[in-house]
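Open the model in your viewer and keep a selection box at hand. The tour goes from strands to ligand to helices.

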Amino acid sequence: MAKFIPKEKLSKKAQKELNRQRRVTWGFSPVTKTVDSRKIYSRKQKAQIREDDGLGTFLSEYTVSSERLTPEEYIDFLKRTDLGSQYPKERFGERIARLVNTVSLSLTARNEDGLLIGVLFGLTDFAYWLYVTDLGVDRDYTHRGIGGQLMRTAHELAGGEKDIAVYLIANENAVPFYEKLGMKKADDVMQYSHVEWTDFTVE
Ligand SMILES: CC(C)(COP(=O)(O)OP(=O)(O)OC[C@H]1O[C@@H](n2cnc3c(N)ncnc32)[C@H](O)[C@@H]1OP(=O)(O)O)[C@@H](O)C(=O)NCCC(=O)NCCS
């Protein structure tokens with residue numbers, strides 16, 4: 001068996017090699033679930049999205065993926081969903097940039113043209129808990145199953161319903177949606193919140 005030498009005592013080269021070996025132990029980072037390609041999960045969903053190209057209506061598909069968004073694309077999306085009124089005005093751009101770059105689960109739904117039509121962000125330990133921080137669907141694409149699909153995919157990616165309990169703060173209008181997914185109001189959650197909060201809508 002190789003003799004154990006504390007990492008600090010190794011040469012720079014040996015430390016680099018050790019870091020490299022540790023990195024390959026994970027197929028993907030357990031924290032961000034991203035790999036070099038940025039996309040680790042991609043699934044085509046047959047969706048009954050009725051679109052109109054001016055000549056008539058047709059059905060198209062959408063793709064659910066795990067990918068990092070740029071702040072610009074997310075902010076553009078927020079203008080097309082009612083989720084855009086669920087952030088405080090305080091330091092908006094700076095905090096959205098931090099959110100998209102670091103959140104542990106980042107799921108998107110895109111239509112056939114690649115347009116972002118749904119987003120779910122979540123925090124998970126991939127062992128016990130999933131806290132869904134943000135969920136929104138483009139107003140032109142609601143009631144087509146996309147929100148439900150994003151919730152199910154997030155749960156599955158975090159570890160599945162036998163292991164993972166899901167929590168979130170529900171917007172009042174979305175309560176019936178979450179109830180349809182089988183969620184119930186909890187009375188055992190504690191909070192500490194003294195954040196500054198000036199209402200505003202991303203337009
Ligand atoms: C809430 C939201 C994410 C739902 O997404 P969606 O893609 O429209 O949801 P789905 O089509 O998957 O709906 C699943 C079921 O919930 C129902 N549902 C969806 N929104 C509903 C609502 N506001 N009230 C009642 N039922 C609703 C659907 O009819 C569907 O039922 P069905 O399976 O019997 O047809 C979307 O409306 C949205 O982005 N809202 C604005 C942002 C928001 O409030 N996000 C939640 C933050 S907590």
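**Start at the strands**

Select strand 4 (residues 116-124) together with strand 5; the two pair in the antiparallel sense over seven bridges. Bear in mind that this is a predicted model. Now pick L120 and look across to strand 5, where its bridge partner is L135.

Next, go to the turn. Strand 4 and strand 5 form a hairpin with four residues between the strands. Which residue there takes a positive phi? Click F126: its phi is near 55 degrees.

Keep strand 5 and add strand 6 (residues 165-168). These two run parallel and are joined by four bridges. To check one of them, select L130, whose bridge partner in strand 6 is V166.

**Move to the ligand**

Show the residues around the ligand; there are 20. Which come nearest? Label D82, T142, G147, G148 and P176. Then colour by element: strand 5 (129-137), helix 4 (146-158) and helix 5 (175-180) each give two or more residues to this shell. Recolour by class, and the shell divides into eight nonpolar, nine polar and three charged residues.

**Finish at a helix pair**

Hide the ligand shell. Select helix 2 (residues 71-78) and helix 3 (residues 92-102). Their axes are 9 Å apart, and the helices pack at an angle of about 110 degrees. Helix 2 is therefore roughly perpendicular to helix 3. Is the crossing left-handed or right-handed? For helix 2 and helix 3 it is right-handed.

Now show the side chains at the contact. Helix 2 brings P71, Y74 and I75, while helix 3 brings G93, I96, A97 and V100. By class, the residues of this contact are six nonpolar and one polar, with no charged residue.

How values were computed
Residues are numbered from 1 along each chain as its sequence is written. This is a predicted model: local features need pLDDT of at least 70, side-chain atom pairs count only at pLDDT 80 or more; totals for chains, interfaces and linings use all residues. A residue is near a molecule or strand if its C-beta atom, placed from the backbone, lies within 6 Å of it. Ala, Val, Leu, Ile, Met, Phe, Trp, Tyr, Cys and Pro count as nonpolar, Asp, Glu, Lys and Arg as charged, and the others, Gly among them, as polar. Axes are lines fitted to C-alpha atoms, for helices over the stretch in contact, and angles run from 0 to 180 degrees between N-to-C directions. Angles under 35 degrees count as roughly parallel, over 145 as roughly antiparallel, 65 to 115 as roughly perpendicular and the rest as oblique. A crossing is left-handed if the near helix is turned anticlockwise from the far one by less than a right angle, and right-handed if clockwise. Two residues are in contact if their C-beta atoms, placed from the backbone, lie within 7 Å. Two strands pair if DSSP finds at least two bridges between them.
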